[in-house]
Amino acid sequence: MAGKRAPAYALLGLNDIVRECLVFLRHESEDKNVVFKTRLEPNLPFIRGDQIQLQQIIVNLIVNSIQAMKAAPQTQHEIYLETSLDANDHVAFSIRDTGTGIPIEYMEQLFDGFFTTKDGGLGIGLAICQSIVKAHGGTIAAANHADGGALFHFSIPTESAATAANDSASSRYLASGITLDTTRQTSLSTSDEC
Ligand SMILES: Nc1ncnc2c1ncn2[C@@H]1O[C@H](COP(=O)(O)OP(=O)(O)O)[C@@H](O)[C@H]1O
Ligand SMILES: [Mg+2]
């Protein structure tokens with residue numbers, strides 16, 4: 001998709017990126033009778049990332065899902081897209097389809113470069129997804145859903161998680177400043193409760 005270019009990092013909303021990808025793939029999905037069902041968490045914190053690279057991950061995952069459903073016998077072609085904030089304060093994205101699912105023997109190799117089970121497949125889509133997610137400090141994983149179809153999930157630290165990590169690193173050097181902040185925080189929350 002994108003050629004070689006220097007990554008341009010900016011504060012981004014993951015929901016906006018998902019919506020952009022859906023616009024981009026509208027014709028493709030209508031052609032293949034695919035219905036998107038989205039559940040996008042409102043008010044997600046920003047992530048610091050490269051917009052085109054993040055779009056590339058989501059487009060790759062959706063195209064794989066569309067292809068897996070083309071290969072599946074059932075006529076119901078649904079893709080469930082979800083965003084959320086996970087317990088680690090990371091922004092998470094998951095995609096589930098109603099396709100063939102992933103044969104268990106391939107599960108370990110999916111993200112390897114040039115692994116493909118498709119005639120004419122390149123086998124680089126998921127390898128690219130993984131390297132982009134890693135470059136953003138996140139992780140990506142694949143599974144099969146209990147109700148059938150494949151499930152891919154990635155999460156990326158939010159701007160606030162990155163700030164918190166920086167704060168805890170700097171707290172080793174700025175102990176007195178942190179103590180002051182904590183005191184102010186405590187008195188604020190006490191007055192909130194009154
Ligand atoms: N949604 C999915 N459902 C089932 N299998 C999948 C799905 N996505 C990826 N795969 C498996 O992972 C392989 C690698 O995917 P990818 O790296 O995108 O390469 P390609 O699409 O060119 O085969 C695919 O060939 C397929 O076997
Ligand atoms: Mg692919």
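**Exercise 1. Find the contacts of G13 beyond its sequence neighbours, and classify its exposure.**

Step 1. Set aside residues within four places in sequence; G13 is then in contact with L44 and F46. Two residues are in contact if their C-beta atoms, placed from the backbone, lie within 7 Å.

Step 2. Place the residue. G13 lies in the loop between strand 1 (9-12) and helix 1 (14-24). Helices (H or I, at least four residues) and strands (E, at least two) are DSSP runs, numbered from the N terminus.

Step 3. Count neighbours. G13 has 16 C-beta neighbours inside 10 Å, so it counts as partly exposed. The scale runs as follows: buried if 20 or more other C-beta atoms lie within 10 Å of the residue's own, exposed if 12 or fewer, partly exposed in between, with C-beta atoms placed from the backbone.

Step 4. Check one distance. G13 and N43 are 30 residues apart in sequence, and their C-alpha atoms are 9.0 Å apart.

A note on the source: this is a predicted model, where local features need pLDDT of at least 70 and side-chain atom pairs count only at pLDDT 80 or more, while totals for chains, interfaces and linings use all residues. Residues are numbered from 1 along each chain as its sequence is written, and chains are lettered from A and ligands numbered from 1 in the order in which they are written.

**Exercise 2. Describe the backbone and exposure of N43 and F114.**

Step 1. Take N43. Its phi is near 60°, a positive value in a residue other than glycine. N43 sits in the loop between strand 2 and strand 3. It counts as exposed because it has 7 C-beta neighbours inside 10 Å.

Step 2. Take F114. Phi is positive here too, about 70°, and F114 is not a glycine. The loop between strand 5 and helix 4 holds F114. With 10 C-beta neighbours inside 10 Å, F114 is exposed.

**Exercise 3. Work out the overall layout of the protein.**

Step 1. Count elements. The protein has six helices and seven strands.

Step 2. Read the order. Along the sequence the pattern is β-α-α-β-β-α-β-β-α-β-β-α-α.

Step 3. Look at burial and contacts. Of the 194 residues, 25% are buried. Among contacts with a separation of 6 or more, 72% join residues 24 or more positions apart.

**Exercise 4. Show which side of helix 1 is buried, and what covers it.**

Step 1. List the buried residues: L14, I17, V18 and C21.

Step 2. View down the axis. The buried residues of helix 1 fall within an arc of 100°, so they line one face. The arc is that of the directions from the helix axis to the C-beta atoms. An α-helix has 3.6 residues a turn, so residues three or four places apart point the same way.

Step 3. Identify the cover. It includes strand 1, strand 2 (35-40), strand 3 (47-50), helix 3, strand 4 (78-85) and strand 5 (90-97).

**Exercise 5. Do the same for helix 4, then describe its packing against helix 3.**

Step 1. In helix 4 (residues 125-135), G125, L126, C129, Q130, I132 and V133 are buried. They cover an arc of only 165° around the axis, which puts them on the same side of helix 4.

Step 2. Their cover includes helix 3 (51-70), strand 6 (139-144) and strand 7 (150-157).

Step 3. Pair the residues. From helix 3 come Q53, Q56, I57, N60, L61 and N64; they meet G125, I128, C129, I132 and V133 in helix 4. By class, this contact has six nonpolar, five polar and no charged residues. Ala, Val, Leu, Ile, Met, Phe, Trp, Tyr, Cys and Pro count as nonpolar, Asp, Glu, Lys and Arg as charged, and the others, Gly among them, as polar.

Step 4. Get the geometry. The two helices pack at an angle of about 145°, with axes 9 Å apart. Axes are lines fitted to C-alpha atoms, for helices over the stretch in contact, and angles run from 0 to 180 degrees between N-to-C directions.

Step 5. Move past the helix end. G137 follows helix 4 and has a positive phi, near 80°.

**Exercise 6. Locate A150 and list its distant contacts.**

Step 1. A150 lies in strand 7. It is buried, with 22 other C-beta atoms within 10 Å.

Step 2. Leave out residues up to four places away in sequence. A150 then touches S65, A68, D97, G99, G101, I102, A142 and N144.

Step 3. Take S65. It is 85 residues from A150 in sequence, yet 7.7 Å away in space, C-alpha to C-alpha.
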